[in-house]
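Me: Could you take a close look at the ligand site in this model for me? I would like to know what surrounds the ligand and which atoms touch on it.

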Amino acid sequence: MKIKNFINGSFQNPVANEWLDNYNPAYGKVYGQTPNSSKTDVELAFQAAKNAFPSWSQTSVDTRSKILIKISELLETHLQRFAEAESKDNGKPLHLAKSIDIPRAASNFRFFGNAITQFSSESHESIGENAINYTLRQPIGVVGCISPWNLPLYLFTWKIAPALASGNCVVAKPSEITPVTAFLLGEICNEAGLPKGVLNIVHGLGTTAGQAIVEHPEIKAISFTGGTKTGAAIAKIAAPLFKKLSLELGGKNPNIIFADCDYETMLETTLRSSFSNQGQICLCGSRIFVEASIYEKFKTDFIAKTQQLKVGHPSQNSTDIGALVSKTHLEKVLNYIEIAKTEGKILCGGNQVIIPSFKNGYYLEPTIIEIDNNNCRINQEEIFGPVVTIMPFETENNVLEMANQSEYGLSATLWTNNLKRSMQFTQQLEAGIIWVNSWMLRDLRTPFGGVKSSGMGREGGLESLRFFTKTKNVCIKY
Ligand code: NDP
């Protein structure tokens, strides 16, 4: 499968005709090629976007909304095709791609297609001055969207949809590790009637194509989701160019379990929050803290449930844990498991899984590590795989301190039926998103993003529309 860049509404080879291998993680084999785009390709994409901008920014909100909703409907029509492509490219179970990733990508377009019709700005009457101020929110121009490999189409569209809805034209780059559904999206955009050049998708490496987007002097806003180190590198380039920046970065999220929680719901949800998508979700709760009085029971039950999870080929319905995304990533996670052997005790898992018919695939057992110290590397560094730690705690203060003792602050999960404690913890936990007695319950209207090294800025709902517009205040004296 040879995928191409999507520039000015047509599919194009990279100018230098250079290509990257694309691997199927379930087999560990090359199954396609991706453009290794250069600065020249980004420039072509930028020019197409720039040319499309005057017309798109003046297109009525109603028309923009209809096109976005049409894209959403077409994604739903092609659910099976997109889900199969996502699963093959990323290694995630097909049933997950079908029930979560692709429906969410469709929801992103529907949500922002509707949201833009409700977007409004403020006016302020300056009483006594005989003046009225009103605020314009205008599209920025050409904006850049860069997304990671873990939720490929889901996160790609989470950026693109609000950018387009707000009247911007886009140069976007998906991860070169999982480019296929972004490639397929181009076809759908044409079918939905998105004008040429409004969305341009350039494939290639972060350090070349991605960086060319960030460095481009006329691309005035960058929405980025990915690792914290990459986010810092991007900020360093973008800040002196005075670009608007939204950075959604890594996490090392605490999952705090009190004895008074609804135990069975907590156990089922904790299994998901630990191992969904092979633990490759920025929101996974990888540091599990359990109140000492139920620690032994939790440990036994959690191990038993984890051992029932089936590691297998992503296309099989019975598979709970598919393949990790790449050989490099598998090796990174295995390296952390080696570190875990000195820092804690592996309670279950810890081994690569060799499935005879797909013996080169990147499979790993879901792994639980018992630790006694929150400051160890496996509790401080993002592993981003099916690996969690567990440790007991004695008091509220003790667990709150450990939960906040992290460079990251993306999300936190709290399990308790004590209202007072819920209120105190939600006030004091250092995270951008807190779930009480749930996990990954997402309402697209809510602000999404992290604190500390987990990022800067918020996406979601009106926050996204505000990010993708520039604000101008007009003061009229009468
Ligand atoms: P990376 O930071 O490696 O890459 C993210 C994207 O940025 C990719 O498209 C990558 O391209 C590109 N990129 C890399 N270097 C540059 C650069 N110098 N300039 C511009 N673009 C660049 O992250 P991963 O893809 O490995 O994704 C995993 C990370 O993403 C984890 O840390 C995870 O926590 C985080 N994440 C955060 C989320 C959030 O909402 N906070 C949600 C999901 C994931 P290429 O793939 O070619 O390197």
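Here is a walk around the ligand site.

Reply: Happy to help! This is a predicted model, where local features need pLDDT of at least 70, side-chain atom pairs count only at pLDDT 80 or more, and totals for chains, interfaces and linings use all residues. Residues are numbered from 1 along each chain as its sequence is written, and side-chain values use heavy atoms, with hydrogens and water left out.

The ligand is surrounded by 31 residues (a heavy atom within 4 Å), and the closest are E176, T230, L249, C282 and E382. By class, 14 of the shell residues are nonpolar, 13 polar (Gly included) and 4 charged (Asp, Glu, Lys or Arg). Helix α7 (206–215), strand β10 (221–225) and helix α8 (228–238) each supply at least two shell residues, and α7 gives the most, with 4. Both domain 1 (5–249 + 454–477) and domain 2 (254–444) contribute to the shell, so the ligand lies between them.

Now for the polar contacts (N or O pairs within 3.5 Å). Oxygen atoms of the ligand lie 2.5 Å from a polar side-chain atom of E382, 2.9 Å from a side-chain N or O atom of S175, and 3.5 Å from a backbone N or O atom of G204. Taken alone, the ligand exposes 910 Å² (Shrake-Rupley, 1.4 Å probe), and the protein buries 88% of that.

Notes: Polar contact = N/O pair within 3.5 Å; in protein donor to acceptor, adjacent residues only side chain to side chain. Domains from an automatic or database assignment.
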